[in-house]
Amino acid sequence: MSVLTGTTDYTWFYIDGQTAKPDSGETLAVQAAATEERLGSVPVSTERDIDDAVAAARRAFDDPQGWAHWEPTRRQEALERFAVALEKRAQETATRVSLQNGMPIWLAQQFEAGFPALLLRYYSGLVAGTPQEETRDGMLGGRARVIREPVGVVGAVVPWNVPQGITFLKLAPALAAGCTVVLKPAPETVLDAMLMAEAALEAELPPGVLNVVPGGRDVGAHLIAHPGVDKVSFTGSTAAGRAIAETCGRLLRPVTLELGGKSAAIVLDDADLSSTIESFFASTLLNNGQICWLGTRVLAPQHRYQEVVDTVSGLAGSLRIGDPLDESTQIGPLVSSRQRDRVESYIAKGKAEGGRLTVGGGRPEAFDRGWFVQPTVFADVDNNHTIAQEEIFGPVLSVIPYGTEDEAVAIANASDFGLGGSVWTADPERGEAVARRVRTGTIGINAYVNEPTAPFGGVKASGMGREMGPEALHSYQVLKTVYLDASA
Ligand code: NAD
């Protein structure tokens with residue numbers, strides 16, 4: 001297991017384009033998921049710090065010569081500088097994320113090191129390359145100019161599981177649209193957010209365009225309810241999402257919510273799972289089971305049930321568990337002892353409700369430190385069982401039998417959630433026909449890979465609104481119609 005060479009203790013915030021002195025002396029420590037060592041710390045934002053950050057974002061947005069009014073190509077140049085500064089820190093970003101939340105390093109290199117710059121370039125290019133207004137000839141003889149304007153100051157709150165990837169699903173479209181942002185990272189993964197702030201400083205983003213306020217739930221709650229915020233973008237648990245939706249409802253504040261999931265991986269009766277086992281792993285157990293869209297309910301046809309249970313159990317039992325910084329590791333530790341307690345309590349509940357444990361179920365013996373849980377598979381799970389209905393957010397799969405294809409679709413849809421999903425089949429057309437019947441925001445055939453140009457998001461308790469694609473850009477814009485002078 002890799003041993004840390006040093007800790008990183010921050011004593012400043014990134015507010016108004018510069019380092020700012022914290023209002024209080026309170027700090028937040030971050031621990032390594034694999035070794036429980038102290039990795040570093042950041043100051044905790046007080047209400048005054050948050051007020052300062054929102055005021056800076058407000059000034060930047062309201063400046064008549066400022067960011068919101070720049071030509072899109074000028075914003076694109078600034079965001080290109082930001083992308084380059086992030087790329088200089090790519091390896092350090094991946095390493096920090098792996099250390100903090102246990103994400104295998106090869107995955108962190110894609111999601112955390114690669115994605116942010118890619119998204120900045122995609123969205124700034126989209127705004128610069130696509131007209132943001134159009135003129136329509138009306139039915140009554142007049143003409144109307146329809147203009148997409150930036151929505152204003154965005155309050156963004158993100159979780160720890162894919163911290164930089166998720167952050168840039170918000171920052172990239174918001175900044176490209178001309179919005180200014182106050183970001184609250186998750187306390188478990190705040191060190192990568194501070195590195196991102198260092199990149200923003202180096203890129204010399206204009207004062208107030210981006211601000212970072214570290215802290216916990218209270219900081220998030222103060223930010224999203226702040227009178228200076230025009231739009232909220234949240235990714236996290238359904239419970240927190242409900243609380244945030246209530247606040248935004250009362251304030252009539254637009255909000256995007258990316259919440260939890262309990263997606264179905266539907267194995268059709270013609271599927272050869274073993275030939276797509278790598279994709280199946282990536283769709284069900286990636287990032288130690290800590291991704292919202294994973295297909296954690298595996299639906300298997302009754303007459304091939306034992307075979308599917310054996311294949312899935314064989315996969316889970318063969319995965320290399322270890323140091324997240326080791327390139328060959330497939331499953332790292334969970335983010336925190338609290339998260340491990342949560343996952344272990346679901347494993348206990350799965351057993352108590354009659355699920356048959358086929359592999360895993362405990363802590364791997366090889367490690368005396370770190371928050372590891374073995375990849376775990378339950379067979380004979382009923383879709384009404386708690387482990388089939390509630391999000392576990394760990395490497396735990398339930399294999400649920402079904403009779404007919406209609407029954408498989410009905411089970412997939414018998415969930416409070418609707419975020420991801422996958423269909424496994426030898427016949428892609430049949431797979432798509434089944435996929436179309438599942439009530440979910442996204443679903444893949446023989447794989448599940450988020451495509452940044454296509455919208456991502458959920459239905460039901462998985463949230464509202466979409467990230468990725470041009471649709472995400474539109475969520476940071478408001479439409480203004482100018483009825484043109486008919487005599488002109
Ligand atoms: P969480 O909801 O506890 O916390 C997420 C973030 O919100 C953190 O920064 C936290 O400090 C903050 N927060 C918590 N309560 C808040 C409140 N009432 N007001 C304002 N801010 C608040 O979630 P988590 O444990 O950090 O992350 C795991 C959850 O995130 C899982 O449920 C997972 O499914 C979900 N998630 C969803 C997506 C998606 O795109 N749909 C992506 C990743 C994670």
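A polar contact here is a pair of N or O atoms within 3.5 Å. With that in hand, let's look at how the ligand sits in this predicted model. The ligand is in the largest pocket, with 28 residues around it.

**Polar contacts with the backbone**
- Glutamate 258 puts a backbone N or O atom 3.5 Å from a nitrogen atom of the ligand.
- Valine 158 also joins in through its backbone, with a polar atom 2.8 Å from an oxygen atom of the ligand.
- For glycine 236, a polar backbone atom and an oxygen atom of the ligand are 3.3 Å apart.

**How covered the ligand is**
- On its own, the ligand has 850 Å² of accessible area, and the protein covers 90% of that.

**Who makes up the shell**
- Val158, Ser237, Leu259, Cys292 and Glu391 are the residues that come nearest to the ligand.
- Sorted by class, the shell holds 17 nonpolar residues, 7 polar ones and 4 charged ones.

**Where the shell comes from**
- Helix H7 (217-224), strand E11 (231-235) and helix H8 (238-251) are the elements that each hand over two or more residues.
- H7 gives the most, with 3 residues in the shell.
- Both domains chip in: domain 1 (8-259 + 462-482) and domain 2 (264-451) each supply at least three of the residues around the ligand.

Note on methods: Residues are numbered from 1 along each chain as its sequence is written. This is a predicted model: local features need pLDDT of at least 70, side-chain atom pairs count only at pLDDT 80 or more; totals for chains, interfaces and linings use all residues. Side-chain values use heavy atoms; hydrogens and water are left out. A residue is near a molecule or strand if one of its heavy atoms lies within 4 Å of it. A polar contact is a pair of N or O atoms within 3.5 Å; within protein, one must be able to donate a hydrogen and the other to accept it, and residues adjacent in sequence count only if both atoms are side-chain atoms. Accessible areas come from the Shrake-Rupley method with a 1.4 Å probe; for residues, only the protein chains shown count as cover. On a 1 Å grid over the protein atoms alone, a cavity is a set of points where a 1.4 Å probe fits but cannot get out, and a pocket is an open set with protein on both sides within 12 Å along at least five of seven lines; lining residues have an atom within 4 Å of a point. A molecule sits in a cavity or pocket if more than half of its atoms lie within 2 Å of its grid points. Helices (H or I, at least four residues) and strands (E, at least two) are DSSP runs, numbered from the N terminus. Ala, Val, Leu, Ile, Met, Phe, Trp, Tyr, Cys and Pro count as nonpolar, Asp, Glu, Lys and Arg as charged, and the others, Gly among them, as polar. Domain bounds come from an automatic or database domain assignment.
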